[in-house]
Amino acid sequence: MDSPEVTFTLAYVVFAVCFVFTPTEFHSAGLTVQNLLSGWLGSEDAAFVPYHLRRTAATLLCHSLLPLGYYVGMCFAASEKRLYSPSQAPETWRVFLLLALTLPTIACTLIYYWSRDRWAHHPLARTLAHYAFPQSGWRAVASSVDTEFRRIDKFATGAPGARVIVTDTWVMKVTTYRVHVAQQQDVHLTVTESQQHDLSPDSNLPVQLLTIRVASANPAVPAFDIRLNSTEYGELCEKLRAPIRSAANVVIHQSLGDLFLETFASLVEVNPAYSVPSSQDLEACIGCMQTRASVRLVKTCQEADEGECQQCCCRPMWCLTCMGKWFASRQDPQRPDTWLASRVPCPTCRARFCILDVCAVR
């Protein structure tokens, strides 16, 4: 391939991936289906259900056109291949063109099917129809959803491609191509998984992400998973009427302090261990008096005469949890992004240390 082909291909692949998964930069620049077609889609706040009926259809069509857009671009980037004349183009490109035309054709056929009878065949409309009374239709349920979405007391969180919305009656998950809906009064919610990350993508803070399974008692309504930060778990519980069950192996950290202690312990585990001399006995932690001392401060972050950290001469006197709590108590609560990189004095001798200097006792 010539250089213009490679350059265009790489640029278009990056654009296509970002257009489908829409990072923050694309949202800020307005390069999203919602922004580009805002005049036709209308307002989500004014009419939530009609907006997402049109949005999912438009998103499906726009994304299906991406391969065709690549072919058209290659007509100019690789003009010597005569791609503008399919009969003269290489066979590989003719197959690609056929695929590029097939995808939007299928998308248009599906969208036409959805839109028949005023969108009655759309997956969202069919889900809402399961909650409609016999004398009414899915549009009456959609009107109820629209009304509740306009209220300011709803719970809403998540990225644009996986938003979680909870109103007084409904639990909803908005994804790129679909909107999942379940009624609160007949759902079973279970925390099935938790993932601990030392640093979140948006800040230098530890984060725990919870996966909650939303299963409706109505077998016709498909179950779905929602994901949220554990610090939002309490707010979610306040909005829900049904209790949330937790799997036996899931521990939920609802405060920043809990998350920090978990991260502190995981970082100490990878630090060099300290071997206790055989003549020395470990005593109970002087912080809690419940467990034996399990950590010692040994300067390992830099050489002995370098940096701000100092060598601590204290014997092992603290357990890991108490040392983590001491470390967290010396931090600025308004600057949690600096906690992991900060230095604090030893609780006994006041020698300054960082997390890299906390060594587990072996």
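Here are some worked exercises on helix packing, sheets, pockets and cavities in this structure.

This is a predicted model, in which local features need pLDDT of at least 70 and side-chain atom pairs count only at pLDDT 80 or more, while totals for chains, interfaces and linings use all residues. Residues are numbered from 1 along each chain as its sequence is written, and side-chain values use heavy atoms, with hydrogens and water left out.

**Exercise 1. Two helices**

Task: Describe how helix α5 and helix α9 cross, and which residues meet.

Solution:

Step 1. Find the elements: α5 covers residues 48-64 and α9 covers residues 138-149. Helices (H or I, at least four residues) and strands (E, at least two) are DSSP runs, numbered from the N terminus.

Step 2. Look at the axes, which come within 7 Å and cross at roughly 105 degrees. Axes here are lines fitted to C-alpha atoms, for helices over the stretch in contact, and angles run from 0 to 180 degrees between N-to-C directions.

Step 3. Put a word to the angle: α5 is roughly perpendicular to α9. Angles of 65 to 115 degrees count as roughly perpendicular, under 35 as roughly parallel, over 145 as roughly antiparallel, and the rest as oblique.

Step 4. List the contacts (heavy atoms within 4.5 Å). On the α5 side are Phe48, Val49, Pro50 and Leu53, and they meet Trp138, Ala142, Val145, Asp146 and Phe149 of α9.

Step 5. Sort these residues by class: 8 are nonpolar, none is polar and 1 is charged. Ala, Val, Leu, Ile, Met, Phe, Trp, Tyr, Cys and Pro count as nonpolar, Asp, Glu, Lys and Arg as charged, and the others, Gly among them, as polar.

**Exercise 2. The sheet β1-β2-β3-β4**

Task: Work out the strand order of this sheet, its edges, and how α5 and α9 pack on it.

Solution:

Step 1. Trace the order: 4 strands form an open sheet, β1-β2-β3-β4, with antiparallel pairing. Two strands pair if DSSP finds at least two bridges between them.

Step 2. Find the edges. β1 (155-157) and β4 (179-183) each have a single partner strand, so one side of each is left without a neighbour in the sheet. From one strand to the next, the twist averages 10 degrees.

Step 3. Zoom in on one pair: β1 and β2 (residues 162-166) are joined by 3 bridges. Within it, Ala156 stands opposite Ile165 in β2.

Step 4. Add the helices. α5 packs on the sheet, touching β2, β3 (170-175) and β4, and its direction makes about 25 degrees with that of β3. α9 also packs on the sheet, touching β2 and β3, with a direction about 85 degrees from that of β3.

**Exercise 3. The two largest pockets**

Task: Give the volume and lining of the largest and the second largest pocket.

Solution:

Step 1. Set the rules. On a 1 Å grid over the protein atoms alone, a pocket is an open set of points with protein on both sides within 12 Å along at least five of seven lines, a cavity is a set where a 1.4 Å probe fits but cannot get out, and lining residues have an atom within 4 Å of a point. Grid points are joined across faces, edges and corners, and a volume is the space filled by probe spheres set on the points.

Step 2. Take the largest pocket, with a volume of about 940 Å³. Its lining has 40 residues, and Gly158, Ala159, Pro160, Gly161 and Ala162 lie nearest its centre. α5 gives the largest share, 5 residues. By class, the lining has 15 nonpolar, 18 polar and 7 charged residues.

Step 3. Move to the second largest pocket, of about 160 Å³. Among its lining residues are Arg54, Arg118, Trp119 and Arg139. Here α9 gives the largest share, 5 residues. The lining splits into 6 nonpolar, 1 polar and 4 charged residues.

**Exercise 4. The largest cavity**

Task: How many cavities of 30 Å³ or more are there, and what lines the largest cavity?

Solution:

Step 1. Count them: there are 3 cavities of 30 Å³ or more. The largest cavity holds about 60 Å³ of space.

Step 2. Read the lining, which includes Cys312, Cys314, Trp318 and Cys346. Strand β9 (residues 295-297) gives the most, with 3 residues.

Step 3. Sort by class: 9 are nonpolar, none is polar and 2 are charged.
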